[in-house]
Every structure is written in C-alpha cells, then in structure tokens.
Amino acid sequence: MQTSNQSLKPTTTKINENKHLEIGGCDLVELAAKYGTPLYVYDEQTIRTVAQEYKKAFSSYPKVNMLYASKAFMTKAIVRILDEEGFGFDMVSGGEIYTAHTAGADMKKCLFNGNNKSSDEIKMAINYGVGLISADNFFELKLLDNASKAAGKVTDILLRVTPGIECHTHEYIQTGHLDSKFGFDLTQVDEVIEQIQNKYNNLNIVGLHAHIGSQIFETSIYYDEVEVLIKEMARIKQKYNINPTHINLGGGLGIKYTKEDCPPSIYEIADKIISSININSEKYNIEKPEIHIEPGRSIIGTSGVTLYTVGSSKQVPQGKKYVAVDGGMADNPRPSLYQAVYTAELANRPEDKNEEKVTIAGRFCESGDILIQGINLPKLKEGDILCFYDTGAYGYSMSSNYNRVLKPAAVLVNNSQSDIIINRENYEHLVSLDVIPSRLIKN
Ligand code: LLP
C-alpha cells in the first residue's frame, strides 16, 4: 500500500476550474496574491494522513511511541496538529522545548536529544517535565545528574549510541556510522554504565537510542539497526543489574523529491522493524522492547510547497538560460548545501506544455544560489508563480536572513481555508535586535 511519503505532491493537489494549481482547496495563485511570495504552503490533510499512516503501520506492535523530529519544521500550529494526532516531540534545543511547551504539547511524551546540550537547556527540559533525555556523551552525564539532583528528580535517560550502520545518503546527513559526532561508540557503553552506577544516582537508564541518517531509501538497515540495539540491550542486561526496556530507532525515512525517487512506504519500514524485533528478541532472549520512532522529513516534507514569483531572466550566449525567482538559498538552503534536487510546476499555467530547459536561480548574491539546475518548463514570464514541491522539511527550519532578506510567511491550508501559521517578517522585525552603542548614534 502506498503512503504519502511516496507521493511527489500534497495529497490534495489538483488543477482547479481556474486552471490553476490548488492545494487544500485553495488556489495557489490566489494564495500568492493574498499573502505575497515567497510563501510556504502546508497542507494539513497531508500532515494528518502521514501521521495516521505511521500509527496504522505500527498498530500491530503494542509498544510504540511516536515522536515528531521537530527540527524538520516546528511552529506552534504544527505542534498542535501532531499533538492532536498523538505524537510527542523529539527536540534538540531550548527553542524547540519552549515551542512545544508553549503550544501545549504533552511534555511527558517528549524526548530531549542533542550532542551538546547546555546545562540551562537540560534544566529547562527537566523543569518542563520532558519525559526522556538522550545522553550523548560523557561530559553530559555529569550535567544531567547535577540538574536532576538540583530538581530532586531521577531522570530517565536513553544512551545515544552509534550502531556502525552506514546508509547511502548524502554524507552530511549520515549519522549512525562509527566516525560520527553523535553518541557513544558501542565499545564505550560499559564505561558509561559503570560511571552511572558508581557516580550518578539521579540517572535511570531506560534504553538505547540511535539514528542512522536521513532521506533513507533502504529498508534493510532498519532491520539491522534493531538487531544491533537488541543485541546490546541483551548484553547490558546480562552483565549489569539493570533492565533497559526501550529502544529509540530515530527517524530517516526518505520522501519523493523527483519522479525518479522511489522511497519505501511507511508500511515497509514498519514491517522490517517489527519483524526484526520479533526475531531478534527471541534470538537474544529478551522481552520485546518498547520502541520510539522519530521521523521528521517523512511527516512534514511532502505536505509543504513553496511559491515563488518569477522575475528577471538571462540567456547566456551559447549557454544556459537563467530564470530568477524572489527567493532562494535563504528560504531553501538544501540545493546549495546538499545538491538536493526539487520538482517545480507553474501554479498559474500548470497545463501549458514544457517548451524550454531553464536553470532556476535564487535572488541571493552568490553564484551557488541555484534552486534547480536544468528543468523543463513552459516559457516563463515575469509574474508567473512557480510552485516547488516537497519543501516542507528543512526549508523554513534552516532558513536565514542572508542579504538581510525577510523570511517568508507560512500558511496552513485545509478545506478551502488558509491560515497564517508564521507571519512574514517585516523590516522592523529585521532590525529589532540590532543595537547601536550610544557613542555611534548619529545626532
Ligand atoms: N532523530 C534524530 C536523532 C535526528 O538526528 C534526525 C535528523 C531525525 C530524528 C529526523 O530525521 P528525518 O526523519 O527527518 O530524516 N538538514 C538535513 C537533514 C538533517 C537531519 C538531521 N537529523 C536535510 O535537509 O536533508
């Protein structure tokens, strides 16, 4: 059965009676006119559908906790939607913890993770009642124990480990291989447990945590990951007088950015994970663990599109044709960072025939600010609205104010209604944190 991460477009995308692209019952050309461009548009139905697909795919396994990896895209409205769908949140900073808390997330269901959490962030997590903290390194054990002691609490922790599994994705987004900045090497786990048992009375090890990488298309590595973690749990149980019961498998499932991409379905991933648990808990003779999964991109990526307005163009004599849009690497750094490839269509003339191959350039002052290298499109005219698909994950969340360009707005669409979920920045916002020392003030 197909799941939404295998679709190139939000589930509600269609061409409407105006011959425009429409998502969530909203005409994209009208949205561009109403809210301006660049504009991130999120389809609520797609988000809820994927969340439900995850729940359904894992429904045969009773001990599953669903977390959403907030780093993919977090705003208070997204927290509300996924909280309603029963998800907790994987959070990696004070900012993400604050957003979840202020939007009313169930903090008991949440996890705080990261390779260099500050002691203030750890205190905040403990004070807000975050259910689990993933301990990443030796330095942090002390911080975690001190903060727990000061709060008069015992903190449940997972040990983040690097399972030594390599996946075929961009080098920058692989995380589970041995030479990684995240987590303990499996050969260090004994020392971690011994330190905790000997020195840290306010930490309770409930299990292990790993994350292999992102934009993963291989299902077998999830099988292997579960085996590595279960084998390690069994070893720990036998050697020490503790009973870890949880494994957190991270996120990573890929989405379809181009028609050539064939990510597996959520059901295929769930089947691999569940069958590996069944086989390996018997093989290593331990009780079936409670699991956490924490997808980010596959929950939010497909639901989001970005609308740009076409501006200038340039034909290089005997070379490429560049067409520039009003956004670029500051609202979507993925093409320049990871050579990520996107699919785009004209929102105002989606049925026009493709006539030319063009390079879509951003507006930022850098030659590398190219959003798509060589895409076939109808002849583009100034004022056309281009719709980039699959920009829902790691777009806004990695956006910047490069060139002092204002960050775009984000709207949520559903049942023909559109609502702002992030306001467009204005110039006042932009300078609001700037301070001129008094000796430099012009009088
Ligand atoms: N859990 C942990 C511990 C992670 O480090 C990540 C992502 C996730 C879950 C969620 O992974 P996802 O399901 O989204 O693949 N900026 C990059 C992606 C970086 C991912 C970092 N960790 C990109 O734009 O491709």
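This passage describes the ligand site and a small group of paired strands in a predicted model.

The ligand is surrounded by 18 residues, and the closest of these are Ser214, Arg297, Arg334, Tyr338 and Tyr394. By class, this shell is divided evenly, with six nonpolar, six polar and six charged residues. Two domains contribute to the shell: at least three residues come from domain 1 (4-42 + 302-431), and at least three come from domain 2 (44-300).

Several polar atoms of the protein lie at short listed distances from the ligand. In the side chain of Glu294, an N or O atom is 2.8 Å from a nitrogen atom of the ligand. Backbone atoms also take part in such pairs: an N or O atom of the Gly252 backbone is placed 2.8 Å from a ligand oxygen atom, and a backbone N or O atom of Gly296 is found 2.9 Å from an oxygen atom of the ligand. On its own, the ligand has 580 Å² of accessible area, of which the protein covers 93%.

Attention now turns to the strands. An open sheet is formed by three strands, which follow the order S1-S2-S3 with antiparallel pairing. Strand S1 (14-15) and strand S3 (26-27) are the edge strands, each pairing on one side only. Between S1 and strand S2 (residues 21-23), the antiparallel pairing extends over two bridges. Within this part of the model, Lys14 stands opposite Glu22 of S2. In general, the strands of a sheet are paired through backbone hydrogen bonds, in either a parallel or an antiparallel sense.

How values were computed. Residues numbered from 1 in each chain as written. Predicted model: local features only at pLDDT ≥ 70, side-chain atom pairs only at ≥ 80, totals over all residues. Heavy atoms only, no water. Near = heavy atom within 4 Å. Polar contact = N/O pair within 3.5 Å; in protein donor to acceptor, adjacent residues only side chain to side chain. Areas by Shrake-Rupley, 256 points an atom, 1.4 Å probe, with all protein chains shown as cover. Nonpolar A, V, L, I, M, F, W, Y, C, P; charged D, E, K, R; others polar. Domains from an automatic or database assignment. Pairing = 2+ DSSP bridges. Helix = DSSP H or I, 4+ residues; strand = E, 2+ residues; numbered from the N terminus.
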